[in-house]
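Colleague: Got a minute for this model? I'd like to go through the fold with you.
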Amino acid sequence: DQVAIAMENARQYGSERRRVDELDALRAAMADISTELELPRLLESILERATTLLNATGGDLGVYEKETREIIIVASHNMSADHKGTRIGLGEGAMGWVAESAHPILIEDYPKWPGRSPQYDCESWRTVVAVPLQIGGRLIGAISIADTNSGRQFSANDQRILNLFSHQAAIAIQNARHFDAEQSRSREAETLRKAGAAVAATSDQ
């Protein structure tokens with residue numbers, strides 16, 4: 001009985017230790033992306049951090065284009081091909097599925113998954129986890145993380161971690177967009193000011 005109790009205590013301690021490590025890694029990832037305001041670099045950072053969090057092979061991140069109802073891949077990390085610019089319709093593949101359903105998905109055996117996208121036939125993934133990027137129910141985009149290791153399967157805990165991370169990532173993307181828009185307005189205002197000054201100088205002459 002003493003041995004059984006000791007083994008159970010050790011198991012619980014190990015589980016708690018892993019959970020603490022996961023939370024620490026999650027906090028570090030969130031802190032890292034929250035300081036980045038340049039949108040292209042932010043998107044790359046989000047994807048790389050998500051891949052590291054899950055100790056995975058690589059992944060893609062896409063933003064939602066409302067006009068065409070498509071996910072456009074804007075960041076691609078450690079894949080066999082660079083998928084930037086790829087357009088994925090709602091419901092297509094893992095990213096299209098989560099974008100349309102607004103729910104995460106965990107795919108244990110991607111090659112046998114009937115919903116896989118032909119645009120990713122070049123990839124030799126084993127397992128895939130994908131989540132939507134949302135703010136207040138509004139779709140921002142989607143992120144998909146994959147692993148090519150034949151012995152690897154993402155777990156429900158991996159999905160939970162990625163889902164938690166995605167909420168902070170969506171907020172960071174929105175903040176970067178607001179910052180980018182403000183910078184654009186400032187540049188436009190400065191251009192108009194210079195043009196006005198040039199016109200006034202010409203009028204004086």
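Colleague: How many bridges join strand β5 to strand β6, and do they run parallel or antiparallel?
Modeller: Nine bridges, and the two strands run antiparallel. β5 covers residues 127-135 and β6 covers 138-147. Strands here are DSSP E runs of at least two residues, helices H or I runs of at least four, numbered from the N terminus. Two strands pair if DSSP finds at least two bridges between them.

Colleague: What stands opposite Val-129?
Modeller: Ile-145 in β6.

Colleague: What can I trust here?
Modeller: This is a predicted model, so local features need pLDDT of at least 70 and side-chain atom pairs pLDDT 80 or more, while totals for chains, interfaces and linings use all residues. Residues are numbered from 1 along each chain as its sequence is written, and side-chain values use heavy atoms, without hydrogens or water.

Colleague: What is the strand order in the sheet?
Modeller: β3-β2-β1-β6-β5-β4, an open sheet of six strands with antiparallel pairing. β3 and β4 stand at the edges with a single partner strand each, so one side of each has no neighbour in the sheet.

Colleague: Which strands does helix α2 touch?
Modeller: α2 (residues 39-53) packs on the sheet, touching β1, β2 and β6. Contact means heavy atoms within 4.5 Å.

Colleague: Switching to Phe-165: buried or exposed?
Modeller: Buried, at 1% relative accessibility. The cut-offs are under 20% for buried and over 50% for exposed, partly exposed in between, with a 1.4 Å probe and protein chains only. Phe-165 lies in helix α4, residues 156-204.

Colleague: How far apart are the C-alpha atoms of Phe-165 and Leu-53?
Modeller: 9.2 Å, with their positions 112 residues apart along the chain.

Notes. Axes are lines fitted to C-alpha atoms, for helices over the stretch in contact, and angles run from 0 to 180 degrees between N-to-C directions.
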